[in-house]
Amino acid sequence: MTVLVFLDSAFPDGRPADAGVPQLMINDLGVTRGDGIFESLLAVDGVPRKPDAHLDRMASSAQLLELEIPPRTAWERAIATALALHTEAETAGSTGRAAVKLVVTRGVEGAGTPTAWVQVTPASDASRQRSEGIRVLLLDRGYDSLAAARAPWLLLGAKTLSYAVNMAALRYARQNGADDAIFTSSDGKVLEGPTSTVVLARERDGVRTLLTPERKSGILAGTTQDALFRAAEAAGWELGYGPLVPEDLFAADGVWLASSIRLLVPVRSIDGRELPFSEVLNTELTKLADAAL
Ligand SMILES: Cc1ncc(COP(=O)(O)O)c(C=O)c1O
């Protein structure tokens, strides 16, 4: 069951529409050029998780694309409408977990106004991946780690609708015996997953540190990683922000992929090489992430 609510200045709380019938013009630039941005966030029992972080990131993606998007209050109201409709339509046995997608395109060619909507669907169940972990391949993204600063038109670090490359990387990983991928830069730095942020934990001389690749290497600023880091810092962990190379992943006490819907998923092997995995550490970090959200 999918709930759809368009942002429409004539409808302050958003304009609900039938997700089961065509709703977009074929010359919408989101469709013809993948020209737009999106966000995916989790809602639990009708309450969105860290909506401010997602709306902040959407604003920064919009800035990178020079895209004028509806004001924050319009998003907040449309999200509330969509979640209320979704809760109303939920059937017995529902998990109460929903994926909320915010999408805004550059609009119909020549119109000059964006097309924007909120879509809510039941969240896919990732509990098995969270407890059992996943196998990952390292895949070359083909850009060096300085490309984002040198070539802003690549829109690295924006959450654009042009995710065909990310989806192709996931298909490649799955065709080659893995569940997911971690991109590396052409100069050998660890970047991010196609839909997730890389997090690793290590303990040296009694100091426990959580690390993630440096943001300036052209990766998306992960809201889940950020929430986890805030909670971990309060619990006494040190934090580090790369740069990281693949050897750091193999030398860590644990590696995770962090994202809003799937949350924290432990990585059990990279390119067929097993990684250390601790049930205790996985539970500790999962609890920290849950509490932070
Ligand atoms: C490329 C990429 N990196 C990282 C993330 C994780 O971001 P968040 O934790 O905000 O969901 C995503 C989420 O979809 C992503 O697409």
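**Figure 1. The second largest pocket has a lining of eight nonpolar, five polar and three charged residues.** Welcome to the first close-up, which, like the others, comes from a predicted model. The second largest pocket holds about 280 Å³ of space. Its lining is made of 16 residues, and those closest to the pocket centre are Leu7, Asp8, Ser9, Pro70 and Ala74. If you trace the lining along the chain, you will find that β1 (3-8), β2 (11-17), α3 and β6 each supply at least two residues. Strand β2 gives the most to this lining, with four residues.

**Figure 2. The protein chain is assigned two domains, domain 1 (3-123) and domain 2 (128-292).** Step back a little here to see both parts. The C-alpha centres of domain 1 and domain 2 lie 26 Å apart. Where the domains touch, 24 residues of domain 1 and 20 residues of domain 2 take part in the contact.

**Figure 3. The largest pocket lies between the two domains, because domain 1 (3-123) and domain 2 (128-292) both give residues to its lining.** The volume of the largest pocket is about 1,200 Å³. Its lining counts 50 residues; look for Lys159, Tyr163, Met167, Pro194 and Thr195, which lie nearest the centre. Two or more lining residues come from each of β3 (36-44), α2 (51-65), β5 (97-105), β6 (115-122), α4 (127-132), α6 (164-175), α7 and β12 (254-259). Helix α6 has the largest share of the lining, six residues. Sorted by class, the lining of the largest pocket has 19 nonpolar, 21 polar and 10 charged residues.

**Figure 4. One cavity of 30 Å³ or more turns up in a search of the whole structure.** The volume of the largest cavity is about 40 Å³. Around the largest cavity you can pick out Ala43, Asp45, Gly46, Leu83, His86, Thr87, Glu90, Gly96 and Ala98. Which helix gives the most to the lining of the largest cavity? That is α3 (residues 72-89), with three residues. The classes in the lining of the largest cavity are three nonpolar, four polar and two charged residues.

**Figure 5. Asp45 has a positive phi, near 50°, although Asp45 is a residue other than glycine.** You have already met Asp45 as one of the residues that line the largest cavity. To find Asp45 along the chain, look in the loop between β3 and β4 (47-48).

**Figure 6. Gly242 and Pro243 are joined by a cis peptide bond.** The omega angle of this bond is about -5°. Pro243 sits in the loop between β11 (238-240) and α8 (246-251).

**Figure 7. Helix α7 (residues 223-234) packs against helix α9 (residues 279-292).** Two packed helices are described by the angle between their axes and the distance between the axes. For α7 and α9, the angle is about 105° and the axes are 8 Å apart. Angles of 65 to 115 degrees count as roughly perpendicular, so α7 and α9 are roughly perpendicular to each other. On the α7 side, the contact is made by Ala227, Leu228, Ala231 and Ala232, which meet Leu285, Leu288, Ala289 and Ala292 in α9. This contact has eight nonpolar residues, with no polar and no charged ones. Helix α7 also belongs to the elements that give two or more residues to the lining of the largest pocket.

Technical notes
Residues numbered from 1 in each chain as written. Predicted model: local features only at pLDDT ≥ 70, side-chain atom pairs only at ≥ 80, totals over all residues. Heavy atoms only, no water. Axes fitted to C-alpha atoms, helices over the stretch in contact; angles between N-to-C directions. Parallel < 35°, antiparallel > 145°, perpendicular 65-115°, else oblique. Contact = heavy atoms within 4.5 Å. Nonpolar A, V, L, I, M, F, W, Y, C, P; charged D, E, K, R; others polar. 1 Å grid on protein atoms, 1.4 Å probe; cavity = no way out; pocket = protein on both sides within 12 Å on 5 of 7 lines; lining within 4 Å. Points joined across faces, edges and corners; volume = space filled by probe spheres on them. Domains from an automatic or database assignment.
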